[in-house]
Structures are given as structure tokens and as C-alpha cells.
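The following exercises concern the packing and the contacts of a structure, each with a worked solution. Please inspect the sequence and the coordinates before reading the solutions.

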Amino acid sequence: MSTLRRRTILGSALGAPIAALAAPAVHAQGGKPYAGTTINGSCFQTTYFEYLKAYFPQFEEKTGIKVNFNMQAFPVYNQRTDLELSTRGSAIDVCNVTFIYSGRWIGAGWFTNLDTFTKDSKYTPADWAPEDFAGGPQSAMKNAKGETFGFSWEGGAMITSAARYDLIEKAGLGMPKTFDELIKVCDAVHNKENVAAFTADKLHHWNWIPYLMGSGGAVFKAPPENLTPTLNTPQAATSAEWYANLLMKYGPDGLLSYSDDQAMRSQMSGRANMRTQAITWSVPLAKHAESTVQKTVRFGLMPAGPAGNFPGSNSHGLGIPAGSKKKEAAWEFIKWALSKETIAMVVKEHGYPSVCRLSVIKSPEFKQVLTLNGQDVAALYLEVLELGGKTGYMKYRTVPVYPQVGDKINKAIERIATKQQGAADAMKQAQAEAVQDLQKAGFKVDL
Amino acid sequence: MSATGVARSHEQAGKTKAHSAQHRFFILCVAPSLAVLAIITLLPSLYLLVTSFTPLSLTRPETLWDFSQPFENYHQLWADERLHNSVWVQIKLSFWTVLLQLLIGLGLALLLNVKSRLLEALRTVFLIPMVLPPIVVAIIWKVIYTPDISPMHGVFKALGWNVPALITDPQWALTAIIIADTWEWFPFTMLMVLAALQMLPQELLDAAKVDGASPWQVTRHVTLPFIQGVLLVAGLFRLIDSIKAFPLIYILTDGGPGSLTEVTNYYSFLQAFNFSYLGFSSAITVALLAATLVLSWLIVRVVGWGVRVD
């Protein structure tokens with residue numbers, strides 16, 4: 001017994017300094033310090049991680065870390081993750097920081113400050129270059145102090161796609177550059193060859209806002225400081241009515257129940273023509289094997305309104321939940337998944353369009369991959385990302401209460417589109433409900 | 001007291017003692033089950049009730065034990081018009097689905113209560129909707145209700161009828177949910193009624209026939225009173241289940257268009273899991289639970305449990 005104790009004490013006394021000496025910089029070590037660790041990852045269903053999963057064996061080979069990665073439908077993922085993060089549980093080690101939840105999740109302290117990893121050469125080599133991530137998408141991954149809680153793997157840049165541009169050309173028109181031109185094109189091509197002129201999914205609080213801003217309206221007074229809703233303004237009512245009319249007059253029957261994928265499929269199958277949506281949902285029209293419109297699709301910037309052009313841009317990032325007990329291994333995964341090399345590989349081999357590393361976006365390979373039917377779609381993408389980053393008009397979307405307020409917008413647009421209410425009344429109701437929600441959440445509202 | 005009286009009294013006391021010992025033994029036997037039941041049902045319900053007195057929000061952990069305004073959530077229930085609308089939608093959905101499921105289930109059970117191989121096979125076919133996972137049922141109806149891919153809309157189109165997309169049409173959205181829910185659950189009533197019909201004593205039917213009763217009179221005066229209790233139980237089950245309606249609404253309409261198909265249960269879910277207002281959502285759920293209990297009690301009081309044949 002006493003021998004054992006002596007051994008333990010001696011072992012500890014000798015072991016501590018040896019262990020300290022044997023803990024060099026992780027990346028410089030060249031070994032596999034986390035070998036045998038299993039990390040759990042989670043994200044909503046997305047092509048980036050579908051593609052990336054095929055390369056997981058490379059990561060596992062390199063680090064010895066095993067990755068369990070689950071993907072769920074977008075709303076399901078957000079609900080589950082919201083609950084998991086709020087408990088500060090350790091079930092997830094690395095997960096998606098969803099754009100509209102980023103303010104809430106980061107603000108509540110549910111994610112790990114990644115600066116501790118990027119600023120420490122023990123964990124991150126300088127050539128990993130965190131500053132290489134585009135500023136617009138990255139802004140949603142930071143808190144008010146500028147600390148980073150996620151690195152973006154997707155930048156959603158809203159563009160216009162016309163699945164059957166040939167019909168537009170035949171009508172003697174081009175890609176619409178303004179709201180008025182959009183209506184003109186819709187009028188000219190609607191139901192020509194059984195193709196509806198416009199399509200959209202039911203996430204109106206994403207799709208409609210660029211039209212609202214283009215008409216001089218806004219969701220909040222001055223986000224993120226002043227979150228007083230401004231949904232009952234004349235601009236909001238006029239714009240909501242205009243948008244509801246766009247959907248109902250020029251969309252396919254049943255459009256109000258369309259999911260993202262359904263809307264994309266309506267274009268891919270040639271049943272609907274134009275859509276203003278993030279590039280991730282637009283590029284498959286030209287690339288997807290099942291697309292029947294590969295040859296006829298064209299892309300353009302989001303049309304501008306009288307008040308300017310405000311294409312939606314968003315981003316989703318990878319972060320480490322505060323409750324994770326395997327943060328270092330999780331960081332190894334993020335480092336690998338979002339390294340220049342991995343992203344460039346996914347772009348090159350799969351034509352993935354919405355990456356956020358500037359060095360990749362500006363590379364000739366990216367341009368080549370995103371030159372679709374002779375169009376430089378990469379340039380369009382960069383233009384939208386820069387627009388979003390410059391003026392910060394997307395800040396409305398990352399405030400903690402946006403899920404609640406967004407729901408009121410969705411409902412209002414549906415009520416207007418189905419003529420249950422006039423636009424002014426519907427928006428007035430949305431405003432009242434949003435105010436009620438903000439007060440419930442403890443925010444001050446100046447009315 | 002006579003000797004016989006004393007003996008009787010002793011015997012009585014002995015019986016009472018034995019009875020109470022037996023009673024204690026029964027309680028002892030049932031106690032573990034009751035304890036488990038209390039842990040898995042009563043405790044969560046109690047926690048729900050306690051939570052309903054707090055402004056609990058997932059993003060503000062300090063609200064977990066904040067009882068400074070215990071009735072604020074209940075106060076907000078009165079002011080929330082969307083909640084009131086959801087209750088009205090719930091009433092319409094429950095009324096029509098329960099009524100239709102009882103009528104169709106009863107009708108089919110009466111028709112199928114005949115000894116025939118073909119009809120026995122048919123019974124199994126009719127059970128299919130009920131045994132399918134609710135999500136699969138919702139997806140089947142999503143396909144049926146989506147004009148681009150719907151065989152139903154294909155037929156309408158071929159006939160030259162311009163039928164709108166039912167789940168996005170304000171006139172039809174709730175009806176579309178009622179149809180799908182009825183399709184899914186009428187077999188439950190059918191199954192219960194069929195089981196009851198097969199226990200109906202043949203003597204009762206024979207006696208009625210001997211008295212010259214017509215088939216309608218037999219059904220009206222013999223069969224229906226006999227299965228009244230089963231119909232009540234089936235109706236109650238379906239009523240409680242209709243209040244829990246979720247997958248069909250989640251997949252088909254998301255509560256829309258607007259809030260036309262948003263039932264209270266779904267609204268409570270949105271408050272808790274989309275907006276993180278767990279305290280408010282708990283208050284809705286407590287109110288819903290209370291309403292369900294009161295409604296069930298009322299129905300049992302008014303309709304009764306039916307005829308009991310020993």
C-alpha cells in the first residue's frame with residue numbers, strides 16, 4: 001500500500017513537469033493529441049455539409065478525431081439547438097450558428113469565444129487567416145465587443161434568377177433591374193408556355209424585407225440599439241400589398257405553402273420562372289443534374305426600389321457550444337472544415353457557390369466554377385456580400401427577437417395575400433403583436 | 001348483550017380487521033405503481049404549473065424562479081387575440097373531426113359487422129390510415145393538396161375544374177385539415193364500435209326481431225343504446241387527441257394561411273420552441289389541460305356511460 005502511495009506521489013511529481021514539457025503547440029506537434037476523441041456535430045440540411053461528409057475520413061485520418069455529424073430540417077435544427085444550447089449541455093461539440101438566431105445565441109453566452117483559439121498559436125497557425133473571412137457574413141458571428149463566436153461557412157447573397165430567361169428575351173425584355181421592371185417582366189411572361197412568372201418560398205420575413213427596404217420602409221427603427229418595430233408605416237403597408245400581389249398574381253397555385261426546396265424545384269422543373277433568393281438556392285438551376293433549365297437560366301442582381309437596392313445577405317457559421325467538453329477537438333474540426341484548402345476543394349469538386357473565404361471567392365477556380373451560361377455569378381455574389389457588409393442594413397435580422405417579429409411578418413403577408421385583411425390592417429396587427437412580443441422579451445419600445 | 005350478539009360483534013370486528021388488512025395490502029401492492037405514476041405524470045404537470053407562474057424564457061435563465069408577477073402569464077392570456085383565435089380554430093377542428101370520425105366510424109362498423117371473408121379483409125384495409133406514422137399521413141396529404149404534383153388536382157384539371165390549392169385557400173385550409181384528420185382517425189372509432197357490436201347479445205336482437213322491429217328500429221333502439229358507452233369513450237379519446245393535433249398542421253399549413261389553422265396546441269408550441277417563452281406557453285398548456293378536463297367531465301355527465309350488460 002505504502003509502495004503504491006510512494007509510486008503515485010513520485011509519478012505525479014515527475015509527471016507534471018514532463019506533461020508540461022510534452023504539451024507543445026497543437027498544430028506544430030504533428031501528432032494526434034485528440035486521437036480517440038469523438039465529437040458530435042450538428043447543422044441544418046445543407047449541401048455544404050453533405051459534400052463535406054465525404055471528406056470526413058480525411059479529417060479522421062489526420063487527427064484521429066471521430067465525427068458524428070447530424071443534419072435536420074432548418075426549423076427542426078433551430079428548435080433542437082435552441083433547447084440544447086439553453087441547457088448548456090455537452091451533447092453537441094460543434095454546430096451551426098444560424099443567422100437569425102445568432103444575436104440571441106451569442107448574446108446569451110451560449111457559444112465559445114473563438115478568439116481564444118485563433119489568437120493562440122498553440123491552436124491555430126497564422127496561415128489559417130481568420131481575417132480572410134468576408135466581413136459581411138462574419139459580422140453576424142460577433143458580439144458587440146467584436147469577439148468572434150463562429151466562422152461562416154455560408155454566405156447567403158440574394159440574387160435574381162430567371163429559370164426561363166428565353167421567355168423574357170422572347171418578350172423583348174431583360175433581367176429586371178427595378179421593382180417596376182420586375183412587374184413589367186412578370187406581366188409579359190406570366191403563364192407563357194405554362195410557366196408562372198414568379199416563385200418564392202413561405203419565409204416572407206426573409207424574402208419580402210429587401211422589397212420593404214427598397215420602398216423606404218424598415219422592420220425596426222434603428223437596430224440593434226432601438227428595436228421599436230416600424231411595421232405599421234405607410235411604406236410597409238404599400239410594400240406588403242405590392243409583394244403579396246406579386247406572389248398571388250404571378251406565382252404558381254399553392255405558392256404560399258412552398259418550402260425553400262419546393263420553390264427551387266418549381267424553377268428547376270420549368271414550372272416557374274423568376275425568384276429572388278440566396279445564391280445557394282439559385283445556382284442549382286444551372287448545376288443540378290435534375291434541372292431542366294440548365295441552358296435557359298440567367299442571373300442578375302436583386303431589383304432596386306425607389307429607396308435603393310437592399311439584397312438580403314446572411315451567413316451561417318460553425319461555432320462551439322459553451323457547454324461542450326471537447327472544445328479543442330471541436331476547434332480542430334472547424335479549422336479543418338473551414339480551411340482554405342477544404343473550402344477550395346468543395347468549390348472545385350462540387351461547384352459550391354456560397355463560401356465566405358475571400359481568397360477562395362477571388363480565385364480563378366471560383367470564377368470558373370461560377371461562370372454559368374457565360375455569366376460571372378461570382379462577381380454578383382461578391383457584390384451582394386459587400387453591399388450587406390458596407391451599410392449594415394442586415395442588422396435587423398440578427399437581433400434576439402427577430403424569430404418572434406419575423407413570425408408576425410409571415411402571418412401578415414399571408415393574411416394580405418389571401419385577402420383575409422387589407423394591407424394596412426394586417427401590418428397594424430403585425431406591429432401590435434410585435435410590440436407585445438418585444439415587451440414580453442423585456443425590450444424597451446418607444447411608441 | 002346476549003352471547004350470540006357478542007359473538008356476532010366479534011365476528012364483525014374480525015371481518016372488519018381482515019378487510020382493513022386486505023385493504024392495506026392492496027394499497028401496499030399498488031403503491032409502487034402509484035409512485036412511478038406520480039413521478040412520470042404528476043411531477044412534470046406540477047412543474048408545468050409552477051413554470052406557468054414565471055416569465056421563463058430560455059434566453060434569460062434568471063427568469064426560471066422569478067415569481068414576482070405570478071399571474072402575469074394568465075393575465076396575458078386574456079389579452080392575446082391570436083390565442084383567442086386559436087381556441088376558436090380548435091373548437092371548430094375538434095367539433096368537426098370528432099363528429100365526422102364518429103359518424104363514419106359508426107357507419108362503417110355497422111356495415112362491416114357481417115361475417116364475410118371479403119368484409120373482414122376490408123376491415124384491415126380500413127385500419128391502414130390509423131397505423132401509419134402521423135408524419136407519413138401528413139406527407140401523403142401534402143402530396144394530395146399540392147397542385148403541381150397532386151393526383152387529385154390532376155383529375156380536377158382533366159375535368160376542367162379550377163380547384164385552388166386547398167391548404168393555402170382561406171376558405172378551404174381548415175376543411176383540408178379536417179378531411180385529413182378524419183381520414184387518419186375514423187378507423188379508431190370503427191374498430192371500437194366493431195368490437196362492441198361483436199359483444200352485442202344475439203338474444204336482444206332476436207327478441208327485437210320477434211317483436212317485429214325493422215332494421216332501423218333495431219339499430220335505433222337496441223344497437224345504439226348498447227354501444228353508447230363505447231361511442232362516448234371513442235369520442236372522448238378523439239376529442240382529447242384532436243386537442244393534441246400537431247403533425248398535420250405542422251406539415252400541411254404551419255398554422256396558416258395567416259392563423260386560420262393555428263390551434264391552441266400549435267400556438268403553445270410556437271411560443272415555447274420558436275420564441276422561447278416557456279412560461280407563457282406553460283400557462284397556455286395549463287389552461288388547455290383544465291379546459292380538457294372540464295369538457296370531458298361535462299360530456300360524461302351529460303351523455304352517461306351507456307348500458308351495462310353483465
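**Exercise 1.** In this predicted model, identify which residues of the largest nonpolar core touch the most other members, and determine where this core lies with respect to the domains of chain A.

*Solution.* The largest nonpolar core has 136 residues. Those touching the most other members are A:Phe198, A:Ala240, A:Phe333, A:Ile334, A:Tyr381, A:Ile413 and A:Met427. Domain 1 (27–155 + 315–368) and domain 2 (157–313 + 389–440) of chain A both contribute residues to this core, so it lies between them. Next, take A:Phe198: leaving aside residues up to four places away in sequence, its contacts include A:Cys186, A:Leu246, A:Tyr250 and A:Met274.

**Exercise 2.** Describe the contact between the two domains of chain A.

*Solution.* Begin with the separation: the domain centres, taken over C-alpha atoms, are 29 Å apart. Then consider the contacts, which join 17 residues of domain 1 to 15 residues of domain 2. On the domain 1 side, helix 6 (99–107), helix 8 (135–139) and strand 4 (151–162) of chain A each supply at least two residues. Helix 6 gives the largest share, seven residues. Finally, by class, this side has six nonpolar, nine polar and two charged residues.

**Exercise 3.** Characterise the side of chain A that touches chain B.

*Solution.* First, 26 residues of chain A are in contact with 24 residues of chain B. Two or more residues come from each of helix 5 (74–86), helix 22 (402–417) and helix 23 (423–440) of chain A. The largest share, six residues, belongs to helix 22. By class, this side of chain A has six nonpolar, nine polar and eleven charged residues.

Technical notes. Residues are numbered from 1 along each chain as its sequence is written. Chains are lettered from A and ligands numbered from 1 in the order in which they are written. This is a predicted model: local features need pLDDT of at least 70, side-chain atom pairs count only at pLDDT 80 or more; totals for chains, interfaces and linings use all residues. Two residues are in contact if their C-beta atoms, placed from the backbone, lie within 7 Å. Helices (H or I, at least four residues) and strands (E, at least two) are DSSP runs, numbered from the N terminus. Ala, Val, Leu, Ile, Met, Phe, Trp, Tyr, Cys and Pro count as nonpolar, Asp, Glu, Lys and Arg as charged, and the others, Gly among them, as polar. A nonpolar core is a set of buried Ala, Val, Leu, Ile, Met, Phe, Trp, Tyr and Cys residues joined through C-beta atoms within 7 Å. A residue is buried if 20 or more other C-beta atoms lie within 10 Å of its own, exposed if 12 or fewer, and partly exposed in between; C-beta atoms are placed from the backbone. Domain bounds come from an automatic or database domain assignment.
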